[in-house]
Amino acid sequence: DIGEHKPNPDDSSWGKPYGFWPNYNNCDTSKHFKEMRIIFDLYYCGWSGSDSSWDKDCSSSNGPAKGQTCEQFVMNNPAYFKNAYWLID
């Protein structure tokens with residue numbers, strides 16, 4: 001799907017994501033990776049808070065925000081985001 005540049009990829013056949021970083025060449029990764037944090041973020045308004053796709057895709061007369069800024073839409077429509085979450089397994 002991604003390789004074919006489909007606008008709405010179907011991830012149902014992708015399987016679970018995973019990461020594997022083996023300890024090659026006796027590199028003690030615990031010496032290099034400590035006191036780190038994983039940050040999960042839902043960029044509702046783009047990474048900078050003013051993503052250009054907002055005006056084109058969301059705020060147009062056909063978009064869900066109907067002319068509101070991203071900040072206004074997020075603040076005034078919490079139910080729209082009720083299914084936005086991270087599942088850490």
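## Aromatic pairs

A search of the whole structure, which is a predicted model, identifies 3 aromatic pairs. One of them joins F73 and F81: the ring centres are 5.9 Å apart and the planes meet at 75°, so the pair is classed as edge-to-face. A second edge-to-face pair is formed by Y80 and F81, with 5.5 Å from centre to centre and 75° between the planes. A pair of aromatic rings is described by the distance of the centres and the angle of the planes.

F73, Y80 and F81 together constitute one aromatic cluster. How exposed or buried are F73 and Y80? F73 has a relative accessible area of 3% and is therefore buried, the cut-off being under 20%. Y80, in contrast, is exposed, because its relative accessible area of 53% falls in the class over 50%.

## Fold and confidence

The protein contains 3 helices and 0 strands, and its elements follow the pattern α-α-α along the sequence. Helix α1 spans 29-32, helix α2 covers residues 52-58, and helix α3 runs over 70-76.

The average pLDDT of the protein is 75, and 82% of the residues score at least 70. Which elements have the lowest and the highest mean pLDDT? Helix α2 has the lowest, at 72, while α3 has the highest, at 86. Where pLDDT is low, the predicted coordinates should not be read in detail.

## Burial, surface and contacts

Of the 89 residues in the protein, 10% are buried. The accessible surface amounts to about 8,600 Å², and carbon and sulfur atoms account for 53% of that area. Among contacts with a separation of 6 or more, 30% are between residues 24 or more positions apart.

## Nonpolar surface patch

I38, F40, L42, Y44, W86 and I88 make a nonpolar surface patch of about 640 Å². Two of its members can be placed relative to the helices: F40 is in the loop between α1 and α2, and I88 is in the segment after α3. The relative accessibility of F40 is 42%, so this residue counts as partly exposed. I88 has a relative accessibility of 57% and therefore counts as exposed.

Which residues does F40 contact, leaving aside its neighbours within four places in sequence? With those neighbours set aside, F40 is in contact with W86 and I88, and both of these residues also belong to the patch. F40 and W86 are 46 residues apart along the chain, yet their C-alpha atoms are separated by 7.6 Å.

## Backbone at K66

K66 is located in the loop between α2 and α3. This residue has a positive phi of about 45°, although it is not a glycine. Most residues other than glycine have a negative phi. With a relative accessible area of 55%, K66 is classed as exposed.

Definitions and conventions: Residues are numbered from 1 along each chain as its sequence is written. This is a predicted model: local features need pLDDT of at least 70, side-chain atom pairs count only at pLDDT 80 or more; totals for chains, interfaces and linings use all residues. Side-chain values use heavy atoms; hydrogens and water are left out. Patches are made of residues with over 30% relative accessible area and no salt bridge: like charges are joined within 9 Å, nonpolar side chains (Val, Leu, Ile, Met, Phe, Trp, Tyr) within 5 Å. Accessible areas come from the Shrake-Rupley method with a 1.4 Å probe; for residues, only the protein chains shown count as cover. A salt bridge is a side-chain nitrogen of Lys or Arg within 4 Å of a carboxyl oxygen of Asp or Glu. Helices (H or I, at least four residues) and strands (E, at least two) are DSSP runs, numbered from the N terminus. Buried means under 20% relative accessible area, exposed over 50%, partly exposed in between (1.4 Å probe, protein chains only). Rings of Phe, Tyr and Trp (its six-membered ring) pair if their centres lie within 6.5 Å; planes under 30 degrees apart count as stacked, over 60 as edge-to-face and the rest as tilted. pLDDT is the predictor's confidence in each residue, from 0 to 100. Contact means heavy atoms within 4.5 Å.
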